[in-house]
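This report covers one protein model, from the overall fold to a single residue. Please look at the sequence and the structure before reading on.

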Amino acid sequence: LFLQFFFFTLSARNMLNKCYSYIFIILISTINISCNWLNSKSSITEDNKFEIKDTSLITKIYLADRNGNTITLIKNNETWIINDKFPVRKDAISILLSTANKIRIKKPVSKSAFENVMKFIATTGVLVEFFEGDKMVKSYIIGSNTPDHLGTYMLLKDRKKPFIVHIPSFNGLLSPRYGIQANAVDIINWRSTTVFNLSPNLINHIKYTDYLNQQNSYFLKTRAFELINSKNKSIPLNNNNALKLLNSFKNLNCETFKEEKNKIDFATQLEELVVNFDTLRTYKIKGSETKNKEENFNVDRKYATLNNGDLMLIQDYVFNKVLININELKRVKQK
């Protein structure tokens, strides 16, 4: 009995010592986590926050990549203009301003990752500056994404320590929300894709020319409805179809802009559509030309220009409702 009691006591003491050891380890771990959290929070101050509280006051945004590409977005009343040339896509500027308001510091960059993060920011980072009038209110460099893609490395102007930045409750990359693709900025990502956005009462006349079959061409007067064919002869008009055509010029958008205008084979011009004083010309896409991997091969497209401007890519199913021929407008005689 004595030996049994001795071994039981010894076993109990060992179990108690193990419990103390586990409690000690848990306590030390908790202290370390708390210290790291406090250090992280203590490094976040009003001076190093990235967010802009009131983005409605922003009147200019400047972006520059390491390849020498720059973009300046300027607010003119309620309209944003890019590089003093083109209207900005409303959805693009809305997403950027929303991001500038919602971003928060997730945590500082770890010591082990610091050198690589700074090297990447220095070589491929994109500078973003926000202005209220002539006053710059925020400036930072956007670097790469974290390995888990749940944060983005960013560095405030005149600071030496980068942070991991994110939008709370948003799981996604931040750089595309600034119009950044492959560490570069591109005006094409910002330009409004609107080709026509006209109310019916603003359309005075429409002239359509079919270069593949001139008999399909027409001239439509809208103030006092009149349909004139390719032989300059007035013919009966289907008023309902004419009204449907006039109502089809709202929010007509191209798919994208193309930089390679030399791709157009001017010998294969398909159509010309004149609406008031704007002229849309369409061209055939050569079958030998390859499409980008983002483009859906099942969608029929044409090249187009508006007033001899930049080359656009338009989708048939979007523009077929306005690129109609005379047969869809003339009144059919009842038998």
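The sections below deal with confidence, overall make-up and one arginine.

## Confidence

The model is predicted. Its pLDDT averages 86 over the protein, and 80% of the residues reach a score of at least 70.

Two stretches have pLDDT under 50 throughout. One of them is residues 5-10, where the model has 0 contacts beyond four places in sequence. The other is residues 33-42, for which there are 2 contacts beyond four places in sequence.

## Overall make-up

The secondary structure consists of 22 strands and 5 helices. The protein has 335 residues, and 38% of these count as buried.

How much of the contact network joins residues at least 24 apart? Taking the contacts between residues at least 6 apart in sequence, 59% join residues at least 24 apart.

The protein has an accessible surface of about 20800 Å². Carbon and sulfur atoms account for 53% of that surface.

## Arg 301

Strand β21 spans residues 301-306, and Arg 301 lies in it. Is this residue, Arg 301, buried or exposed? Arg 301 counts as buried because its relative accessibility is 11%, and the cut-off for buried is under 20%.

Which side chain does the side chain of Arg 301 meet in a polar contact? The partner is the side chain of Glu 255, at 2.6 Å. Arg 301 therefore combines a buried position, at 11% relative accessibility, with a side-chain polar contact to Glu 255.

Notes:
Residues numbered from 1 in each chain as written. Heavy atoms only, no water. Helix = DSSP H or I, 4+ residues; strand = E, 2+ residues; numbered from the N terminus. Buried < 20%, exposed > 50% of the residue type's maximum accessible area, 1.4 Å probe, protein only. Contact = heavy atoms within 4.5 Å. Areas by Shrake-Rupley, 256 points an atom, 1.4 Å probe, with all protein chains shown as cover. Polar contact = N/O pair within 3.5 Å; in protein donor to acceptor, adjacent residues only side chain to side chain. pLDDT = per-residue confidence, 0-100.
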